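Dear colleague,

Please find below the structure that I am handing over to you, with its sequence. I would be grateful if you could look through it alongside the notes that come after it.

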Amino acid sequence: MSSVALYSYFRSSSSFRVRIALNLKDIEYEIKPIHLLKDGGQQKKDNYKKFNPMGEVPCLVHDGKYLAQSMAIIEYIDGNFPGHALFPAIPYDAALVRQICEIVNSGIQPIQNLKVLQKIEKDFGADQDTKNKWAHYWIQEGFVALEKILESLAGSYSYKNKLSAADCFVIPQVFNAKRFSVDMKQFPTIQRIFDSCMNVPAFERAAPENQPDFEK
Ligand SMILES: N[C@@H](CCC(=O)N[C@@H](CS)C(=O)NCC(=O)O)C(=O)O
């Protein structure tokens, strides 16, 4: 029997991606909470950074093997566990799914990540309102592009009518969009995908409010 654990923070969208993927694959896993704000950020402590020197969640532990970066983790999960395939078999279609993942993974989330918001506060004097506007701007920009691409690719889900890795990335980013008051009426395709996915138990169970470390 293999053992799977995930270092995760309830509000972390990158952890949320992996929680969805694990649920879609029906993999049992233990959540190991890492609090991103407590004690100056538990992700920055040496006893965590020895697993992930980037000082970020998520980090997967599978049978004693450690792996960080949600994209790498989700590809690893997909290749190593049976069940629902997270990437289409056709190479071009699989690349289209990765394109969606990367728009979120490299084009949107890193610019509104906690450490970026903390840096613009500490070194450039940004107050809460400025930090909110910053995050709002980058999510809004990214969603304009994402909406355009998804208009032709999506069915009920990001890739046609099949749940895929793309949904693991898009849905948590919508949670962040809502948190930073992005008006989702501008993005009807993304909103439609969100509504369909949130009716799937794998997504609902992975949501921040259903995590053992959830805080209001
Ligand atoms: N590209 C990384 C991003 C990971 C990441 O940014 N994690 C955030 C939470 S969503 C984090 O741990 N931030 C800690 C910090 O900013 O100090 C991944 O996909 O795993």
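The notes below concern the ligand and its surroundings, and then two points of backbone geometry.

Please bear in mind that this is a predicted model.

The ligand sits in the largest pocket. Two elements, α1 (13–24) and α5 (114–124), each give two or more residues to the shell around the ligand. The largest share, 3 residues, comes from α1. At the level of domains, both domain 1 (4–84) and domain 2 (91–202) give residues to this shell, so the ligand lies between them.

There are 17 residues around the ligand, and those that come nearest are Gln43, Val57, Gln69, Ser70 and Lys115. Sorted by class, the shell is made up of 10 polar, 4 nonpolar and 3 charged residues.

Several contacts involve oxygen atoms of the ligand. Lys115, named above among the nearest residues, has a backbone N or O atom 2.8 Å from an oxygen atom of the ligand. For Asn113, a polar side-chain atom lies 2.9 Å from a ligand oxygen atom. Arg17 likewise places a polar side-chain atom 3.1 Å from an oxygen atom of the ligand. On its own, the ligand has 520 Å² of accessible area, and the protein covers 93% of this.

Two features of the backbone also deserve a look. Most peptide bonds are trans, and most residues other than glycine have a negative phi. Val57 and Pro58, however, are joined by a cis peptide bond, with omega at about 10°. Pro58 is found in the loop between α2 (46–49) and β3 (59–62), and Val57 is one of the residues that come nearest to the ligand. The second feature is at Asp63, which is not a glycine yet has a positive phi of about 50°. Asp63 lies in the loop that runs between β3 and β4 (65–68).

With kind regards

Notes. Residues are numbered from 1 along each chain as its sequence is written. This is a predicted model: local features need pLDDT of at least 70, side-chain atom pairs count only at pLDDT 80 or more; totals for chains, interfaces and linings use all residues. Side-chain values use heavy atoms; hydrogens and water are left out. A residue is near a molecule or strand if one of its heavy atoms lies within 4 Å of it. A polar contact is a pair of N or O atoms within 3.5 Å; within protein, one must be able to donate a hydrogen and the other to accept it, and residues adjacent in sequence count only if both atoms are side-chain atoms. Accessible areas come from the Shrake-Rupley method with a 1.4 Å probe; for residues, only the protein chains shown count as cover. On a 1 Å grid over the protein atoms alone, a cavity is a set of points where a 1.4 Å probe fits but cannot get out, and a pocket is an open set with protein on both sides within 12 Å along at least five of seven lines; lining residues have an atom within 4 Å of a point. A molecule sits in a cavity or pocket if more than half of its atoms lie within 2 Å of its grid points. Helices (H or I, at least four residues) and strands (E, at least two) are DSSP runs, numbered from the N terminus. Ala, Val, Leu, Ile, Met, Phe, Trp, Tyr, Cys and Pro count as nonpolar, Asp, Glu, Lys and Arg as charged, and the others, Gly among them, as polar. Domain bounds come from an automatic or database domain assignment.
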